[in-house]
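Please open the structure in a viewer and keep the sequence at hand. The tour below proceeds by selection, one stop at a time.

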Amino acid sequence: TLSGTTNNDWEDIAFGPGPDVNKTYIYVGNIGSGAGGTRRIYRIEEPAVNVNQSRANITIAAGNIDTYTFSLPFNDAEGFFIDPITGDGFIFQKVGGSATRPQTSPVLKIPATQFKVGGGALTLSTIATIRTLGEGNTNNGGITAADISADGSYFAIANYQEIWAWPVNRAAGQTVASVLAA
């Protein structure tokens, strides 16, 4: 339970770095169309959990939740992740309306520097536009999930029926943004 929050369209959850490099953080994305005009990402320190403890007994106090607010330039998003190497966030538009597929889907970036302790307003920028995947499939539902590996070496996006993964060659200087742009 995240005290003081309202789940009106939590779409995705991510793990990533935060202010303390020795800890892991959980990011909860209230980013869907049901969230209204103002979207939110909540960041909490990953709690220590006893495997014998009921999940219902884990409550995070409101003072331990960083809340970030922003608006989207489109109606719906369901997939996002936090790059474990850079700390940057990425949000993928969910494309709807089977009559017009294939469509393109903008990808928004949140620079890590904006995830300040205590929360605040975020400014997102479009860093790439990707073609909605699953051409010829008129019921793929758009991008419904996104995730990145713990070491940042690959990321994936999915719709209701398919998953696509891309490697990120960090040694060659690639970033998530450069892979998406290509």
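Begin by selecting Asn 7, which is placed in the segment before β1 (12-16); note that the model is a predicted one. Asn 7 counts as exposed, because its relative accessibility is 52%. Its side chain reaches the backbone nitrogen of Trp 10 at 3.1 Å. Add Val 28 to the selection: Asn 7 and Val 28 are 21 residues apart in sequence, and their C-alpha atoms are 9.9 Å apart in space.

Next, select strand β4 (residues 66-70). Asp 66, Tyr 68 and Phe 70 form its covered face, while Thr 67 and Thr 69 form the uncovered one. Strand β3 (residues 39-45) runs antiparallel to β4 and is joined to β4 by five bridges; Arg 43 has Asp 66 as its bridge partner. Strand β8 (residues 119-121) pairs with β4 in the parallel sense over three bridges, and here Thr 69 stands opposite Ala 121.

The final stops concern salt bridges, of which the structure holds six. Select Lys 94 and Glu 78, whose closest N and O atoms are 3.0 Å apart. Lys 94 lies in the loop between β6 (89-93) and β7 (104-110) and Glu 78 in strand β5 (residues 77-82), so this pair ties together parts that are 16 residues apart in sequence. Both Lys 94 and Glu 78 are buried.

Turn then to Asp 88 and Lys 109, a salt bridge with its closest N and O atoms 3.5 Å apart. Asp 88 counts as buried at 11% relative accessibility, whereas Lys 109, at 22%, counts as partly exposed. Finally, select Asp 20, Lys 23 and Glu 45, which salt bridges with shared partners join into one network.

Conventions:
Residues are numbered from 1 along each chain as its sequence is written. This is a predicted model: local features need pLDDT of at least 70, side-chain atom pairs count only at pLDDT 80 or more; totals for chains, interfaces and linings use all residues. Side-chain values use heavy atoms; hydrogens and water are left out. Helices (H or I, at least four residues) and strands (E, at least two) are DSSP runs, numbered from the N terminus. Buried means under 20% relative accessible area, exposed over 50%, partly exposed in between (1.4 Å probe, protein chains only). A polar contact is a pair of N or O atoms within 3.5 Å; within protein, one must be able to donate a hydrogen and the other to accept it, and residues adjacent in sequence count only if both atoms are side-chain atoms. Two strands pair if DSSP finds at least two bridges between them. A salt bridge is a side-chain nitrogen of Lys or Arg within 4 Å of a carboxyl oxygen of Asp or Glu.
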